[in-house]
Every structure is written in C-alpha cells, then in structure tokens.
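Subject: Structure for you to look at

Dear colleague,

Please find the structure below. My notes on the sheet, a helix beside it and a few individual residues follow.

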Amino acid sequence: MKVILRYCLLLLLLSGCSKSDSSEMDALETLYKEDVIIRAYIEAHGLTDMVKDSSGLYYKIQEPGDSVHMTLNSVPTIIYSRSNIQDSLLDASFGSTNFDGRKLKDHIVGWQIVLQKIGKGGKIFTIIPSPLAFGDEAVGNIIAANSILVCEIEVVDFK
C-alpha cells in the first residue's frame, strides 16, 4: 500500500511540474524506479541489514572508524572498489588514493553522503542510485550512463 501511495504522489508531482522542474522530477522518477532494482539486489544477495538513507541510497557500516568524521571540505584518502548492479567490477583503487587532493564536495553525491557517516579506519558498503552517482553521464568507457553503483569504501585518512 505504501508503494502505491508513493507512486501516486510521484505521479501527482510529475503532472504539476513546469519544464524547469522536469530534470528534478526525472531524477525522482529514476530514484523510484531504481529503488525497486536495488531492493531486489539486496534481497537476492541476502543483504537484509542495509539501511536506506533519506537520499535514496542504501548503506551498511562495516566498521565505524574513529569518532571524527570528515566534512565536504575534507580531502579523503580511501581504498575503494566500484561495481555495477550486475556485480561487474568497474574500477578500484588497488591501494589508497586521495584522487589528487580532490575535496569530498567534488566527488559523486553518494560518496559525499556515505563518507561523512564513518571516521578514519571506517568501512562502508553502499548501493548508490544513478542520480546520486554519475547520472546520465558516462565515465569514459568504464562506467555507463545511468549506472547504479555498488561500492565498498575504506577511509584511510582525511585532511
């Protein structure tokens, strides 16, 4: 019943939108559609302890790390792997990286959200819907447009 109500609300919102709001509504519709795919993935992989963030991504803190958490202006040093929802490895750090000193605010929104949930030494597993990842932009021939990302991330350090 809740799913039907959410879908009706989404349709109501979509029908009353101006063209300037259409990209936001497209993102909401994509989040809704991808949530069904993500929940099926979670069930198929026995990941029943995943938490859904209000943004629409799912995560599980495997290790919380220390009590100090980074901000959007922090420069994280992490070890990560990134797969698609079909479990194909897309890329990985194969050791620690700080992405040439890139601040957290300059990473994908999904990482901005989950990396602030853990401290140094923390590990998190997350499933990120495409609007919170790279959206309709492909990343070279590595990550296809509209990809749902499955990430494992460890915070080595941050400044």
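Two strands are taken as paired if DSSP finds at least two bridges between them. On that basis, β1 and β2 are joined by two bridges and run antiparallel; Lys52 has Tyr58 in β2 as its bridge partner. Please keep in mind that this is a predicted model.

The sheet

β1 and β2 make up a hairpin, with five residues between the two strands. Gly56, in the turn, has a positive phi of about 110 degrees.

The hairpin belongs to an open sheet of six strands, in the order β1-β2-β5-β6-β3-β4, with antiparallel pairing. The edges are β1 (51-52) and β4 (89-92), each of which pairs on one side only. Helix α2 (residues 22-44) packs on this sheet and touches β1, β2, β5 and β6 (149-158). The direction of α2 makes about 40 degrees with that of β2.

β2 (residues 58-63) is also joined to β5 (residues 123-128), by five bridges, and these two strands run antiparallel. Across this pairing, Tyr59 stands opposite Thr126, and Lys60 is opposite Phe125. In a regular strand, side chains alternate between the two faces of the sheet.

Two loop residues with positive phi

Most residues other than glycine have a negative phi. Two exceptions are worth a look when you go through the loops.

Asp87 sits in the loop between β3 (76-84) and β4, and has a phi near 70 degrees. Is Asp87 buried or exposed? Neither: the relative accessible area of Asp87 is 44%, so this residue counts as partly exposed.

Phe99 is in the loop between β4 and α3 (109-115). The phi of Phe99 is also positive, at about 50 degrees. Phe99 counts as buried because its relative accessibility is 17%, and the cut-off for buried is under 20%.

Gln112 in helix α3

Which residues does Gln112 touch, leaving aside those up to four places away in sequence? They are Leu72, Leu104, Lys105, Asp106 and His107. Gln112 lies in helix α3 and has a relative accessible area of 15%, so it is buried. Its side chain has a polar atom 3.1 Å from the backbone oxygen of Lys105. Lys105 is thus one of the residues touched by Gln112 and also the one that supplies this backbone oxygen.

Best regards

Terms used
Residues are numbered from 1 along each chain as its sequence is written. This is a predicted model: local features need pLDDT of at least 70, side-chain atom pairs count only at pLDDT 80 or more; totals for chains, interfaces and linings use all residues. Side-chain values use heavy atoms; hydrogens and water are left out. Helices (H or I, at least four residues) and strands (E, at least two) are DSSP runs, numbered from the N terminus. Contact means heavy atoms within 4.5 Å. Axes are lines fitted to C-alpha atoms, for helices over the stretch in contact, and angles run from 0 to 180 degrees between N-to-C directions. Buried means under 20% relative accessible area, exposed over 50%, partly exposed in between (1.4 Å probe, protein chains only). A polar contact is a pair of N or O atoms within 3.5 Å; within protein, one must be able to donate a hydrogen and the other to accept it, and residues adjacent in sequence count only if both atoms are side-chain atoms.
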